[in-house]
Amino acid sequence: MKLLHTADWHLGKTLKGQNLLDDQIFILNQLFDVISDQNPDAIIISGDIYDRGIPPAEAVELFDDILNRFAEKKLPTLIISGNHDSATRLNFGSKLFRSKNIFIASKIEVKPAQVVLEDNFGEIYFSLIPFFDPAEIKAKFFDENAERLTFNDANKFYVDLARENIPENKRSVAIAHVFLTGGIESESERKFVGGSANVNAQIFSKFNYVALGHLHRPQKISSECIRYAGSPLKYSFDEANHKKSVSIVEIDDLGAINVEKIDLKPRRDVKIVKGNIYQLMQSEKTEDYICARLTERVINVQDKLRYIFPHLLSVEFDFPKNDSKIDDEEKIFREGVSILDYFSDFYQAQTHESLNSEYRAEMGKFLSEMEKEE
Ligand SMILES: [Mn+2]
């Protein structure tokens, strides 16, 4: 059986205020190209469909469209919720979708969600383990005086429960949204609250393949068959050096796994450029999403940089804090530059976002009132 494993779509996500919907549409169209090429027997999406519990309408519309396309292709599609999803909202319509071979598991159940698919060699059992707070497991399965559960305890409990419905000699796949010890994190993942997020990979040891979501860098943990598919797009600048992909997972008659990563090419890459203003202005013009790291203190650089980088999303300053230049007032305060401009640059340096016109107007008012008082 051939599976396409993807995760962490984060539909509706913005990057430094930039709406990424067009990028997400583009990359999901590419996903359908991969499906046409590879002809998988099923699709797995391991959580974080949306970026937030209440996603923007256009993100819901996009997901609706994607589900229809999976249904048209008659592709069994196995989906769990992640920590960014609202379990209840993602659950909407899920019972109806089953008739179209779309399985969404977002809630913990006394009988954990299971899907059985068949290939020429027999059945393969899929356990769908949605993201949950350990307190939910305690409330549902333990009495109130029981000790607080860690993420590891709660997941071990629920995975063991799921295993009870899988015959010993059958091939099996777990789909989960957890942080496994040893994983490499990125900035765009939201940490789980409620104690240590760490889960030991060992709890999944009986499965032939573990299709994970949560970590945005594609990576395997301890073995080829325990794998994070990673997000299809770079969702923070610290992911600039990631290579995003989807995983094509083949399970043979004995349950042995072969994984091939298929690289995804975004509409616009996410890049960090570094140098002084002169060096950066000599770069080749690019449509990519850019974070400019300036190695010297200059002001009002955004407009200049946008000639070369029309999709400049962030300007940072990157030089030693005790740089003697900072003390050199001559160089910092120049004639013809208003205090408002200095503040605007300071705001940008501190927050990595540009001062919007509303705040700028407010600050302008405040400064002129100060001047009057003086
Ligand atoms: Mn995620």
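## Overall make-up

The protein chain contains twelve helices and 19 strands. The model is a predicted one. Along the principal axes, the C-alpha atoms of the chain fill a box of roughly 80 × 55 × 35 Å.

Of the 374 residues in the chain, 36% are buried. Contacts can also be sorted by how far apart the two residues are in sequence. Among contacts between residues at least 6 apart, 66% join residues at least 24 apart.

## Two domains

The chain is divided into domain 1, which covers residues 2-263, and domain 2, which covers residues 270-373. A distance of 40 Å separates the C-alpha centres of domain 1 and domain 2.

Where the domains meet, eight residues of domain 1 are in contact with nine residues of domain 2. On the domain 1 side, the touching residues are three nonpolar, two polar and three charged.

## The six-stranded sheet

One open sheet is built from six strands in the order β6-β5-β4-β1-β15-β16, and its pairing is mixed. The edge positions are taken by β6 (102-105) and β16 (257-263); each has a single partner strand, so one side of each has no neighbour in the sheet. On average, neighbouring strands of this sheet are turned by 20° against each other, direction ignored.

Strand β1 (residues 2-6) has a partner on either side in the strand order β4-β1-β15. With strand β15 (residues 245-251), β1 runs antiparallel, and four bridges join the two. With strand β4 (residues 42-46), β1 runs parallel, again through four bridges. Individual residues show the pairing: L4 has I248 as its bridge partner in β15 and I43 as its bridge partner in β4. H5 stands opposite I44 in β4. How many of the five residues of β1 are buried? Four of them are, so β1 is largely enclosed by the rest of the structure.

## Helix α1 and its neighbours

Helix α1 (residues 21-38) and helix α2 (residues 57-72) pack with their axes 11 Å apart and at an angle of about 10°. Angles under 35 degrees count as roughly parallel, which means that α1 is roughly parallel to α2.

On the α1 side, the residues that meet α2 are L21, Q24, I25, L28 and F32. Their counterparts in α2 are E58, A59, L62, I66 and R69. Sorted by class, this contact has seven nonpolar, one polar and two charged residues.

Strand β1, already met in the six-stranded sheet, takes part in a further packing. L4 of β1 pairs with I43 in β4, and α1 packs on this sheet, touching β1, β15 and β16. The direction of α1 makes about 165° with that of β1.

## The three-stranded sheet

A second open sheet has three strands in the order β17-β18-β19, with parallel pairing. At the edges stand β17 (270-275) and β19 (312-317); each has a single partner strand, so one side of each is left without a neighbour in the sheet. The average turn between neighbouring strands of this sheet is 20°, direction ignored.

Strand β17 and strand β18 (residues 289-294) pair in the parallel sense over six bridges. One position in this region can be picked out by its partner: K274 stands opposite R293 in β18. As a general point, strands of a sheet pair through backbone hydrogen bonds, either parallel or antiparallel.

## Single residues to look at

Which loop holds K74? K74 is found in the loop between α2 and β5 (77-80). Its phi is positive, at about 55°, although K74 is not a glycine. K74 has 8 C-beta neighbours inside 10 Å and therefore counts as exposed.

N300 lies in the loop between β18 and α8 (302-308). The phi of N300 is near 55°, a positive value in a residue other than glycine. Is N300 buried or exposed? N300 is exposed, because 11 other C-beta atoms lie within 10 Å and the cut-off for exposed is 12 or fewer.

Y359 belongs to helix α12 (residues 357-373). With 14 C-beta neighbours inside 10 Å, Y359 counts as partly exposed. Y359 and D143 are 216 residues apart along the chain, and their C-alpha atoms are separated by 52 Å.

Technical notes. Residues are numbered from 1 along each chain as its sequence is written. This is a predicted model: local features need pLDDT of at least 70, side-chain atom pairs count only at pLDDT 80 or more; totals for chains, interfaces and linings use all residues. Domain bounds come from an automatic or database domain assignment. Two residues are in contact if their C-beta atoms, placed from the backbone, lie within 7 Å. Ala, Val, Leu, Ile, Met, Phe, Trp, Tyr, Cys and Pro count as nonpolar, Asp, Glu, Lys and Arg as charged, and the others, Gly among them, as polar. Axes are lines fitted to C-alpha atoms, for helices over the stretch in contact, and angles run from 0 to 180 degrees between N-to-C directions. Angles under 35 degrees count as roughly parallel, over 145 as roughly antiparallel, 65 to 115 as roughly perpendicular and the rest as oblique. Two strands pair if DSSP finds at least two bridges between them. A residue is buried if 20 or more other C-beta atoms lie within 10 Å of its own, exposed if 12 or fewer, and partly exposed in between; C-beta atoms are placed from the backbone.
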